[in-house]
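Colleague: I have just opened this entry and would love a friendly tour. Could you take my questions one at a time?

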Amino acid sequence: MQTSVLVTCPDYDRMTRYLSAWADKFIEQAQSQGHDVYILKETNANKAKFQGMVKKTKPKVIFINGHGDKDRIAGQDHKIIVDFKSASIFKEAMVYAVSCKSAQILGAQAVALGAKGYVGYTQDFILVSQPGKTAHPKDDKTAALFLDPSNQVISVITKGHSAKDAVKKGKNAFGHSITAALNSDVQSDDDKYIPYLMWDRQFLTAC
């Protein structure tokens, strides 16, 4: 089933650089599958362009990346692009937000105002990366433990599955990362990341 997807890709610090780089992996996959993907990169990931693009294209899926809090999510340069008061922008869409805590209040408000579903995190989203890979986030095997499961979530949503199904898939994927970290060799020392992977898995939530 083909669908339309809107993706925000801010890029101004380590976290947003990684989120956007791995969003690119999803975008490439989605485009190869025939989905219509609209992308707001860097300075284009701002409130006016985000809300304008939603109104213009009416995407069925919204994949939003950026720093956030319980009732808001930021785009480029930490500027808010959606908050509790504007949550109706998600009406009729399925949303996945890789943003700290936004599933606490914003997600519930979005669903109350007509979103078909909202998947996010009720606490901080933790991402561990390798210091030497900042310039090449897609090659960071440590970050992959965290962001491969995240990409599984949005992939499931784009295929038309429910928010609950996406969370189930994401938690299973985090479980695979935990197993991989547990079985890692001594040199990689990935087992020290297990508590953070368990954290992300625990707080991945469907509203």
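Colleague: Thanks! Does Lys 171 count as buried, partly exposed or exposed?

Modeller: Happy to help, and please keep in mind that this is a predicted model. Lys 171 sits in helix α5, and its relative accessibility is 26%. Buried means under 20% and exposed means over 50%. Since 26% falls in between, Lys 171 counts as partly exposed.

Colleague: Which residues does Lys 171 touch, leaving out those up to four places away in sequence?

Modeller: One helpful pair is Lys 171 and Gln 202, which are 31 residues apart in sequence while their C-alpha atoms are 7.8 Å apart in space. Gln 202 is indeed one of the residues that Lys 171 touches. The full set is Arg 201, Gln 202 and Leu 204.

Colleague: Let's step back to the whole chain. How many helices and strands does the protein chain have?

Modeller: The C-alpha trace spans about 50 × 35 × 30 Å along its principal axes. Within the protein chain there are six helices and nine strands.

Colleague: What radius of gyration does the protein chain have, set against a compact globule?

Modeller: The chain has 207 residues, so a compact globule would have a radius of gyration near 17 Å. The value for this chain agrees with that expectation. It is 16 Å.

Colleague: What percentage of the contacts between residues at least 6 apart in sequence join residues at least 24 apart?

Modeller: Lys 171 and Gln 202, with their 31 residues of separation, illustrate a pair of this kind. Another example is Ile 126 and Asp 200, which are 74 residues apart in sequence and 6.4 Å apart in space, C-alpha to C-alpha. Ile 126 touches Asp 200. Across the protein chain, the share of such contacts is 67%.

Colleague: Which residues have the most contacts inside the largest nonpolar core?

Modeller: That core has 42 residues. Elements giving two or more residues to this core include β1 (4-9), β7 (94-98), β8 (117-121) and α4 (141-158). Another core, of 20 residues, lies apart from it and includes Leu 40 and Ile 81. In the largest core, the residues with the most contacts are Val 7, Tyr 96, Val 119 and Ile 157.

Colleague: Where does Ile 126 lie, and is it buried, partly exposed or exposed?

Modeller: Ile 126 is in the loop between β8 and α4. Among the residues that Ile 126 touches are Phe 146, Tyr 196 and Trp 199. Its relative accessible area is 23%, and buried would need a value under 20%. Ile 126 is therefore partly exposed.

Colleague: Is Thr 3 buried or exposed?

Modeller: Thr 3 has its place in the segment before β1. It touches His 35, Asp 36, Lys 60, Val 61 and Thr 158, not counting residues up to four places away in sequence. Its relative accessible area of 12% is under the 20% cut-off, so Thr 3 is buried.

Colleague: One last thing: what is the phi of Glu 42?

Modeller: Most residues other than glycine have a negative phi. Glu 42 is not a glycine, yet its phi is positive. Its place is in the loop between β2 (36-41) and α2 (47-57), and at 42% relative accessibility Glu 42 counts as partly exposed. The phi of Glu 42 is about 50°.

Methods: Residues are numbered from 1 along each chain as its sequence is written. This is a predicted model: local features need pLDDT of at least 70, side-chain atom pairs count only at pLDDT 80 or more; totals for chains, interfaces and linings use all residues. Side-chain values use heavy atoms; hydrogens and water are left out. Helices (H or I, at least four residues) and strands (E, at least two) are DSSP runs, numbered from the N terminus. The radius of gyration is taken over C-alpha atoms; the globule rule is 2.2 Å times the number of residues to the power 0.38. Contact means heavy atoms within 4.5 Å. A nonpolar core is a set of buried Ala, Val, Leu, Ile, Met, Phe, Trp, Tyr and Cys residues joined through side-chain atoms within 4.5 Å. Buried means under 20% relative accessible area, exposed over 50%, partly exposed in between (1.4 Å probe, protein chains only).
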